[in-house]
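Hi,

Here is the structure I promised to pass on. Have a look at it first, and my notes follow below.

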Amino acid sequence: MTERAESRNAADGTSVVIVGAGPAGIRAAQTLVAAGVRPVVLDENMRWGGQIYRQPPADAGFARSKQALYGFEAAKADAVHHAMATLLPHVDYRPETLVWACDPKRLHTMHGGRETAVPFSHLIIASGATDRVLPLPGWTLPGVYTLGGAQVALKAQGCAIGERVVFAGTGPLLYLVAYQYAKAGANVAAVLDTSAFVAQAKAAPRLLNQPSTFAKGVYYVGWLRARGVRIETGVTLDGIDGAAGVRAIRWQRHGREHSLECSAVGLGYGLRPETQLADLAGCRFVFDELNRCWLPERDAAGRSSQPGIYLAGDGAGIAGADAAELAGRRAALALIEDLGVAAPVMPDAPDAAAIERKLASIRRFREGIERAFALPDDPAVHWPDDMLVCRCEEVTARTLRDCARLDGVTEINRLKALTRVGMGRCQGRMCGEAACHVLAEASGQTLAQVGRLRAQAPIKPIPIAPMLFDENVAVIPEEARDE
């Protein structure tokens, strides 16, 4: 990027910020730089790559090849890593930086215990996704991890979550993580899939829309079976047993009860978009029947309902790493167009029309995925009253049901206000969807009807000390504190 281009950015008041340095954020930055725009790239992780292409810490103390870390995706991971490495002289890259709040045209960030405001005229939110978790009795025991957490332990720390591991839930990630663990030499005792095989077979025509991706999934399952890993489909998870830690997991299949000893459980039902920042930025939301959750509205180019704010990657709807790269580039092209800057000439990259066609094709594949690995129907029906739903605030299913049945609560934020569900450290990431299921079950409504938990700052835990000495952070007047 030329000094003239950088000077122009400063002179015209343009300040472009990208949140997230995963596949979407990196490809967005690459496209902007090619157009002569120098973006600020904020990322919570220590190194770029996101969750799917997560890199071990530079001082990890162990070495694993990209082939070992990423398997079939090693070449894609390497391409994304190399792209960002090449961009470093041309972007303002800020790793280990948590974006915890958003005001009009300003982000609040935390890095190294210091709070910094980052102004923007245009913002690309590529915040990624987190695990979709549905609770079951025993899910708070030591030794129970999300699938993403189990994956982080393997990729970033080079260790397994236990000596004998069961992976349970549903979704492609279930089989991928089990494969990665078994491939690394861990003892995978079983894979317990709540989705029925017949549903997966019926979805095959849509899954064949992306034949190479479909083939990888078939390969993972076949590889695990060939090595004696027990795979059960169409199960109902009953609970995880243990005292000081995980001892066994129980489930039912075709009316028969089963139990299997294990020392750790990786639990998850696919992924859920991280939408809190888009919410704080004022973006409009709509309930998405395919993903069975509320998503920020966006057009085909990634423009949100808020001018100057763009959405890309899994943070706007789960579609996978390939789609994230495409969506990141498309959002950047939209931003460039809105700036009135000439579109960059990138011979090896698709144009806007080609990107939208590819994303539409991936969308059809995702429809197949959601049908093959659907969430259990009415999961809250099976949850006992004494089961913790919100572990941070120790809120049980009984408390939530009583609020709905005895107090007539029908909306999730009212339930939050009365019970404190979703007010803990996770800010509803782990319990929010489960609370919605309980409310829907107890009030006789659909997930869409009970609404969504509204985000509030800070969207993740931050130390309070820096706030006390920052003149840019609003402080409640003393005379108003008791009101």
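The largest cavity lies between domain 1 (13-130 + 272-345) and domain 3 (388-443), because both give residues to its lining. Those bounds come from an automatic or database domain assignment, which also gives domain 2 (134-268). Before I go on: this is a predicted model, so local features need pLDDT of at least 70 and side-chain atom pairs count only at pLDDT 80 or more, while totals for chains, interfaces and linings use all residues. Residues are numbered from 1 along each chain as its sequence is written, and side-chain values use heavy atoms, with hydrogens and water left out.

Back to the cavity. The structure holds 1 cavity of 30 Å³ or more, and its volume is about 490 Å³. For the settings: on a 1 Å grid over the protein atoms alone, a cavity is a set of points where a 1.4 Å probe fits but cannot get out, and a pocket is an open set with protein on both sides within 12 Å along at least five of seven lines; lining residues have an atom within 4 Å of a point. Grid points are joined across faces, edges and corners, and a volume is the space filled by probe spheres set on the points.

The largest cavity is lined by 28 residues, with Arg-272, Thr-275, Glu-433, Arg-452 and Leu-453 closest to its centre. Two or more lining residues come from each of β17 (271-273), α10 (276-280), β18, β19 and α15 (432-443), and α15 gives the most, with 3 residues. Helices (H or I, at least four residues) and strands (E, at least two) are DSSP runs, numbered from the N terminus. By class, this lining has 11 nonpolar, 8 polar and 9 charged residues. Here Ala, Val, Leu, Ile, Met, Phe, Trp, Tyr, Cys and Pro count as nonpolar, Asp, Glu, Lys and Arg as charged, and the others, Gly among them, as polar.

Now the second largest pocket, at about 510 Å³. It has 32 lining residues, and Arg-298, Gly-317, Ala-319, Leu-359 and Arg-363 lie nearest its centre. The elements that give two or more residues to this lining are β18 (285-288), β19 (293-296), α11 (321-339) and α12 (352-372). Of these, α12 gives the most, with 7 residues. The class split for this pocket is 17 nonpolar, 5 polar and 10 charged.

On to the sheets, where two strands pair if DSSP finds at least two bridges between them. One open sheet has 5 strands in the order β3-β2-β1-β7-β20, with parallel pairing. β3 (92-94) and β20 (309-311) are at the edges with a single partner strand each, so one side of each has no neighbour in the sheet. Inside it, β1 (residues 16-19) and β7 (residues 122-125) are joined by 4 bridges, and Ile-18 stands opposite Ile-124 in β7. Helix α2 (residues 23-34) lies across β1, β2 (40-42) and β7, at about 160° to β1. Axes are lines fitted to C-alpha atoms, for helices over the stretch in contact (heavy atoms within 4.5 Å), and angles run from 0 to 180 degrees between N-to-C directions.

There is also an open antiparallel sheet of 3 strands, ordered β4-β5-β6. Its edge strands are β4 (98-103) and β6 (114-119). β5 (residues 106-111) pairs with β6 over 6 bridges, and Met-110 stands opposite Glu-115 in β6.

Cheers
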